[in-house]
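Q: Please take a close look at the salt bridges in this model. Go pair by pair, and set out how well covered the partners are.

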Amino acid sequence: MERFTTIIDGLQLSIVKGKDVPIVYIHCAGGDATFWKNQIEEIGGYAIDLPEHGESSTAEIYSLDDYAYFAAKFIKKYLGSSIIAGHSMGGAVVQKIYLEYRSIVDGMILIGTGARLRVLPEILEGLKSKPEETARFIAELSSVDEKLVEDLSNKFRERAKVFLLDLQLCDKFDLLDKYKSGEMNVDVPTLIIVGEKDKLTPPKYAEFFHEHIPDSELIVVPNAGHMVMLERPDIVNDAIKKFVKKVTGDEP
Ligand code: COA
């Protein structure tokens with residue numbers, strides 16, 4: 001695993017990289033590129049620290065379109081096109097990239113995410129008024145693994161400001177009607193993964209994608225929550241490897 005920095009429109013974007021595999025990973029609200037460490041190490045590809053996150057520089061971010069813009073520019077510059085994987089908010093960013101920059105998307109991997117991502121009002125309010133307690137509450141909703149809950153709770157607490165910004169942007173994200181009307185017409189292969197016990201983006205959201213995306217495969221991971229790629233990397237990585245082979249023709 002190595003890290004490098006690239007300049008996009010004057011902004012420093014930090015990337016964690018494994019083997020040269022044409023897959024780009026986009027993290028969740030309050031996350032960073034290292035949330036994909038298991039995938040980078042075993043499969044390869046490129047995980048982005050979105051602006052304002054991890055080791056990337058700060059930026060004026062007003063919507064998920066801004067994140068999509070920087071991620072798309074990175075993909076164009078380094079890969080031309082790629083498979084794009086997104087978790088939770090990252091999955092919303094992937095859908096935005098598909099809508100705005102279709103030609104750079106060879107396939108989508110949507111993990112623990114949805115076509116709409118409304119956020120519990122007590123989470124949005126709590127991150128403002130009692131960030132410590134709320135960070136813990138969200139971490140507990142995020143995973144079935146106690147050690148991971150502890151780690152996430154610390155991370156979310158340290159990053160409460162950007163976490164709140166991200167969740168406010170998620171709360172406005174809504175493509176449900178665009179899927180239903182056919183305006184969001186996904187014609188690339190799509191892998192959908194969700195933890196069976198995901199409380200933040202329940203399996204129902206994943207089933208919605210599967211019903212509306214013709215060339216899609218749905219994997220419901222047993223005994224896993226919202227942080228499925230950290231909780232069950234064995235199952236998630238096998239599914240991603242098969243998907244990369246299907247899309248590119250090469251074993252990753
Ligand atoms: N895919 C498919 N269906 C969805 C959906 C998605 N992404 N998002 C919402 N829906 C469905 C709901 O299941 C519901 O269906 P129903 O009427 O058959 O029960 C309907 O659309 C309306 O849901 P929603 O817009 O979410 O409004 P709500 O008033 O029911 O609930 C919340 C609002 C915040 C309570 C709810 O979205 C929630 O529990 N969210 C999960 C917790 C959270 O904060 N997640 C963070 C995600 S980043």
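A: Start with D20, which is exposed, at 61% relative accessible area (exposed means over 50%, buried under 20%, partly exposed in between; 1.4 Å probe, protein chains only). D20 forms a salt bridge with K17, 3.2 Å from N to O (a side-chain nitrogen of Lys or Arg within 4 Å of a carboxyl oxygen of Asp or Glu). Its partner K17 is buried, at 14%.

This is a predicted model, in which local features need pLDDT of at least 70 and side-chain atom pairs pLDDT 80 or more, while totals for chains, interfaces and linings use all residues. Numbering runs from 1 along each chain as its sequence is written, and side-chain values use heavy atoms, without hydrogens and water.

Next comes D9 with K73: their closest N and O atoms are 3.2 Å apart. D9 sits in the loop between β1 (2-8) and β2 (11-17), and K73 in helix α2 (residues 64-78), so this salt bridge ties together parts 64 residues apart in sequence (helices are DSSP runs of H or I, at least four residues; strands are runs of E, at least two; both are numbered from the N terminus). K73 is partly exposed, at 32% relative accessibility.

R136 and E150 pair at 3.0 Å, N to O. R136 belongs to helix α5 (residues 131-142) and E150 to helix α6 (residues 146-158), so parts 14 residues apart in sequence are tied together. R136 is partly exposed at 30%. E150 is partly exposed at 39%.

R3, D49 and E55 form a network of salt bridges. The structure holds 19 salt bridges. The chain around them has 11 helices and 8 strands, and 56% of its 252 residues are buried.
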